[in-house]
Amino acid sequence: MLKRYSGILGILILLVGGILYSIFPELHRIYLPAFIVGGVTVLYSAIIHRQHIASLLKGRAVKYSTNSIVYMLIVFSILALLNFISFRNHKRVDMTATGLHSLSPQTMTILEKLNEPVHIFAFYTKENHLRDKFETLVRLYRYNSSYIRYEIIDPVEKPGILKEKNINQEELGRKIDGMALVERGGREVRIFDAREEELTNAIIESSRETKKVVYFLQGHGEKDLEARNDKGLNRLLSALREEYYDVRILYISQGGKIPDDCTVLVLAGPREKLFDLELEALDGYLMRGGRILIMMDPGNDPGLSTLLAKVGLVFDNGYIVDPRFNFNDQLTIRVFNYSDHEITKGWNRKLNTIFPVASPVKWFDARDPRLFNDNLVKTSQFSWAEPDISRGELDPRGDPPGPFAIVSVAFKKLETDEIQGIKLQEGETREFRVILVGDSDFITDGFIEVQANENLILNIIGWLAQEENLVSIRRKAITGQAIMFTLQEKNLFLYFIFSVPVLVIISGIVIWLRRRTL
């Protein structure tokens, strides 16, 4: 009996040894003897059954088997050809809920608008575990734009390239291993993080001819730009710097004017009235094509009504209440209605933004055909406006019903005779852009990372800075975790899946052999 089935026994021993090797490679005392015993058993079976094997090779079964092999080769050839065609004309489909294996809409927008080559030189040693991660990422960029060129260089093997690129580790003060250099149109940006956000922002920065400067007005009880608490703006500061904005603090009373290099001026929740000198400076900045973001909270009056009326905007200074669509309480409004403006295009009923204790804002017809207004973000029809919440009761009876705008925009192309304080070059035009928000808490550290708040504020600043390529949906947060297996668990799972067909094949062979002996 053992002599007859020695070949099958040897194959089974080899199979078990292979499984043990793939799952427990450290148990060499088990799988090495198994390989030896299995190999010897198979060899023994082949020797004692040599005549039977020879007769099988000369029989009709071999002839038919040869035909089957030819058919299999034809099928495999067709599959290989189809695989080659798909390789040359491949399309990627990301089935993950958060687009984990694809680029963000913002990156796609940037790549679609490229009109000149972008060269990426990444310096990674072969031992750096982030090398493959970065190469996978940059391949996605290359896949979506023919303007992307990249090269991954080992700084140890090719130190001459470091001198060629004027890279000095001592001057950098950081490790070169893991650094990438983005070159575009004679400009270069260095990054030290293999993330999509860093790489995309570097491509954007390399396209800027001048530095974009965002000033935050201070001195009137505004939100603290550098405070590291739920009421501060430190996370917004980090997000702006990641997009390579130069962020500065401004006290108008010290200089009496808005600096000429100001790209966007932000008023983040002023609580005290501005001085006349400051209001005049804001008006002058506006009339030379300035871009201003004004965020005001209910219950405060910083004295900006005249400036807002000039651009057709009104701050109602009430309290929006929404009993149905809110976040934890009725005064923290959850909004999902947006206009089709560039800032919120495609957002309607798809993204939520959260505004804690917000006031209605609106625009009115200023009867100026060159002044354009739009309500970007609106509450639900179930909301209403409370003029005073100190009484403690939130009752809609007698109060104005919603929906209300929380974010409104105004912009106007200026005529030459309207522009003040600067001399335009031939053919140059200017327009002012103003956005009014009925809340400033939505950008604080406690709320900026909730829902789409960060996307909204960065899109607002990008549009005000006239960088429409930055107005998009950034990378979504990962909402789930992938199932992680160890190598041993993965192999056990695979063997379990394939054990059924293997057992069927073995059973078929045993039955076939028994029938031949009957």
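The following exercises, with worked solutions, concern a predicted model of a protein chain.

**Exercise 1. Confidence**

Determine where in the protein chain confidence is lowest and where it is highest, and state how residues 477-482 should be treated.

Solution. Begin with the chain as a whole: its mean pLDDT is 81, and 80% of its residues reach 70 or more. Next, take the extremes. Helix H8 (residues 169-172) has the lowest confidence, with a mean of 53, while strand S8 (residues 291-295) has the highest, at 97. Then turn to residues 477-482, over which pLDDT stays under 50. The model gives this stretch four contacts beyond four places in sequence. Where pLDDT is low, the predicted coordinates should not be read in detail.

**Exercise 2. An open sheet and its helices**

Establish the strand order of the open sheet formed by four strands, identify its edge strands, and describe how helices H6 and H9 are placed on it.

Solution. The order of the four strands is S2-S1-S3-S4, and their pairing is mixed. At the edges are strand S2 (148-153) and strand S4 (187-191), each of which pairs on one side only. On average, neighbouring strands in this sheet are turned by 15° against each other, direction ignored.

For one pair in detail, consider strand S3 (residues 179-184) and S4: they run antiparallel and are joined by five bridges. Within this pairing, Glu-183 has Glu-188 in S4 as its bridge partner.

Now add the helices. Helix H6 (residues 131-144) packs on the sheet and touches strand S1 (118-123), S2 and S3. The direction of H6 makes about 165° with that of S2. H9 lies across S1, S2, S3 and S4, and runs at about 155° to S4.

**Exercise 3. The span and burial of helix H9**

Compare the span of helix H9 (residues 196-207) with the expected value, and decide whether the helix is enclosed or open.

Solution. H9 has twelve residues. At 1.5 Å a residue, 16 Å is expected, and the distance from the first C-alpha to the last is 17 Å, close to that value. For burial, the cut-off is a relative accessible area under 20%. Ten of the twelve residues of H9 are buried, so the helix is largely enclosed by the rest of the structure. Among them are Leu-199, Ala-202, Ile-203 and Ile-204, together with the polar residues Asn-201 and Ser-206.

**Exercise 4. The surroundings of Ser-145**

Locate Ser-145, classify its exposure, and list its contacts.

Solution. Ser-145 lies in the loop between H6 and S2. Its relative accessible area is 5%, so Ser-145 is buried. The side chain of Ser-145 reaches the backbone nitrogen of Tyr-147 at 3.2 Å. With neighbours within four places in sequence left aside, Ser-145 is in contact with Leu-111 and Leu-114.

**Exercise 5. Strand S18 and Ile-406**

Describe the pairing of strand S18 (residues 405-414) on both partners, S16 and S19, and characterise the environment of Ile-406.

Solution. First, pairing. Strand S16 (residues 371-378) pairs with S18 in the antiparallel sense over seven bridges; here Asp-374 has Val-409 in S18 as its bridge partner. S18 is also joined by eight bridges to strand S19 (residues 430-437), again running antiparallel. Leu-414 stands opposite Arg-430 in S19.

Second, burial. Eight of the ten residues of S18 are buried, so the strand is mostly covered. Ile-406, placed in this strand, has 0% relative accessibility and therefore counts as buried.

Third, contacts. Beyond four places in sequence, Ile-406 is in contact with residues including Ile-320, Val-335, Phe-355, Val-377 and Leu-436. The C-alpha atoms of Ile-406 and Ile-333 are separated by 9.9 Å, although these residues are 73 apart along the chain.

**Exercise 6. Backbone exceptions**

Examine the backbone at Pro-403, Tyr-244 and Asn-317.

Solution. Most residues other than glycine have a negative phi, and most peptide bonds are trans. The bond from Gly-402 to Pro-403 is cis, with omega near 5°, and Pro-403 is placed in the loop between strand S17 (384-386) and S18.

Tyr-244 has a positive phi, near 65°. Tyr-244 lies in the loop between helix H10 (234-242) and strand S6 (246-250), and counts as buried because its relative accessibility is 16%.

Asn-317 has a positive phi as well, near 60°. Its place is the loop between strand S9 (313-315) and strand S10 (319-321). At 28% relative accessibility, Asn-317 counts as partly exposed.

How values were computed:
Residues numbered from 1 in each chain as written. Heavy atoms only, no water. Buried < 20%, exposed > 50% of the residue type's maximum accessible area, 1.4 Å probe, protein only. Helix = DSSP H or I, 4+ residues; strand = E, 2+ residues; numbered from the N terminus. Pairing = 2+ DSSP bridges. Expected span 1.5 Å × (residues − 1). Axes fitted to C-alpha atoms, helices over the stretch in contact; angles between N-to-C directions. Contact = heavy atoms within 4.5 Å. Polar contact = N/O pair within 3.5 Å; in protein donor to acceptor, adjacent residues only side chain to side chain. pLDDT = per-residue confidence, 0-100.
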